[in-house]
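Thanks for making the time this morning. I would like to walk through one structure with you, starting from the sheet and working towards the side chains.

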Amino acid sequence: MQAHPNTVDPSEIAKFEAMAAEWWDPHGKFKPLHMLNPCRLDYITQQIAGEFDRDLKAPRPFEGLRLLDIGCGGGLLSEPMARLGAEVVGADAAEGNLPVARIHAEQSGLGIDYRHTTAEAMAAAGEQFDVILNMEVVEHVADPLSFLTATRDLLKPGGLEICSTINRNPKSYAMAIFGAEVIMRWLPRGTHEWNKFITPDELFDLLRQAGLDPVDRKGFVFNPILWSWSISDRDLSVNYVTASVKPG
């Protein structure tokens, strides 16, 4: 297994540790994620079910799959994956997030292996997963290619990685930074840096360079009139998500 440089950006970790206690408050600083979560889960579950031929109507459709939620935060995605039967490891470089995640999982009766670690450290230890959720993380790391290469090494051959981030264009600045941080005050100012955003074509290129095969991409679109999110085949102008597989 190749050695990976540490891609953790300490200034980015500090931002999220400062907000850790609010992870499960739907009206707090993570309100945007709570609003987006049903849309994210719809995409994630459909991709996993399609890739591994699982019936989402079954009681525990992801039974037997080992899943890594990298940058798990308070566990907003780890918990539903565990409920669907997956063996879940939630990893985060921000240590302050993990007590919140552990307590909430315990209160919910869920056994989730939460760890204060990085993708690079887990890859060096030889960990392997069927599925990796890499959601809203890549725009916060110091070296996206090295980070994605580490996640590639963590996947079993034929494994699935779902990666979401934010596009880089004037609209994404207006909505994800000026709108969310300045106008709506959903997030503290400085949570995102526009120059770290990644266009869909750039992300597909990075995924291929990392040794993954991108197979799908969709947009997450916010409707300010209906005050809700939806999945779009065409509109990837702000938030978007990709699915990639590791060649077998």
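**From the sheet to the core**

Let me begin in the sheet, where strand 4 and strand 5 run parallel and are paired over six bridges; please keep in mind throughout that this is a predicted model. Within that pairing, Met 135 is found opposite Ser 164 of strand 5. Strand 4 also pairs with strand 1, again in parallel, through four bridges, and there Asp 69 has Leu 133 of strand 4 opposite to it. As for its surroundings, strand 4 is mostly covered, with seven of its seven residues buried.

Stepping back to the whole sheet, we have eight strands in an open arrangement, in the order 3-2-1-4-5-8-6-7, and the pairing is mixed. Which strands stand at the edges? They are strand 3, residues 113-116, and strand 7, residues 228-232, and because each has a single partner strand, one side of each is left without a neighbour in the sheet. From one strand to the next, the twist averages 20 degrees.

For the antiparallel sense, look at strand 6 and strand 7, which are joined over five bridges, with Gly 219 having Ser 232 in strand 7 as its bridge partner. Packed on the sheet you will also find helix 8, residues 200-209, which touches strand 5, strand 6 and strand 8, and whose direction makes about 150 degrees with that of strand 6. Helix 6, residues 144-154, lies across strand 1, strand 4 and strand 5, and runs at about 145 degrees to strand 5.

Let me turn now to the interior. In soluble globular proteins, nonpolar side chains tend to be buried together. Here the largest nonpolar core has 33 residues, and those with the most contacts inside it are Ile 44, Ile 48, Leu 67, Met 81, Leu 133 and Ile 162. Several elements each supply at least two residues of this core, including helix 3, helix 4, strand 4 and strand 5, while helix 2 gives the most, with seven residues. Leu 133, which we met opposite Asp 69, touches residues that include Ile 44, Leu 67, Met 81 and Ile 162, leaving aside those up to four places away in sequence. Apart from this core lies another, of 27 residues, among them Met 122, Phe 129, Ala 150 and Leu 212.

Helix 2, residues 31-52, also holds Thr 45. Is Thr 45 buried or exposed? Its relative accessibility is 12%, and since the cut-off for buried is under 20%, Thr 45 counts as buried. Setting aside residues up to four places away in sequence, Thr 45 touches Leu 56, Phe 62, Met 81 and Leu 84.

I will finish with the aromatic rings, for which the count comes to two pairs. In one pair, the ring centres of Phe 222 and Trp 227 are 5.1 Å apart and the planes are at 70 degrees, so the arrangement is edge-to-face. In the other, Phe 222 and Trp 229 have ring centres 5.3 Å apart and planes at 50 degrees, so that pair is tilted. These ring pairs link Phe 222, Trp 227 and Trp 229 into a cluster, in which Phe 222 and Trp 229 are buried, whereas Trp 227, at 39% relative accessibility, counts as partly exposed. Finally, Arg 217 lies over the face of Phe 204, at 4.6 Å from the ring centre.

Key. Residues are numbered from 1 along each chain as its sequence is written. This is a predicted model: local features need pLDDT of at least 70, side-chain atom pairs count only at pLDDT 80 or more; totals for chains, interfaces and linings use all residues. Side-chain values use heavy atoms; hydrogens and water are left out. Buried means under 20% relative accessible area, exposed over 50%, partly exposed in between (1.4 Å probe, protein chains only). Contact means heavy atoms within 4.5 Å. A nonpolar core is a set of buried Ala, Val, Leu, Ile, Met, Phe, Trp, Tyr and Cys residues joined through side-chain atoms within 4.5 Å. Rings of Phe, Tyr and Trp (its six-membered ring) pair if their centres lie within 6.5 Å; planes under 30 degrees apart count as stacked, over 60 as edge-to-face and the rest as tilted. A charge sits over a ring if NZ of Lys or CZ of Arg is within 6 Å of the ring centre and within 35 degrees of the ring normal. Two strands pair if DSSP finds at least two bridges between them. Axes are lines fitted to C-alpha atoms, for helices over the stretch in contact, and angles run from 0 to 180 degrees between N-to-C directions.
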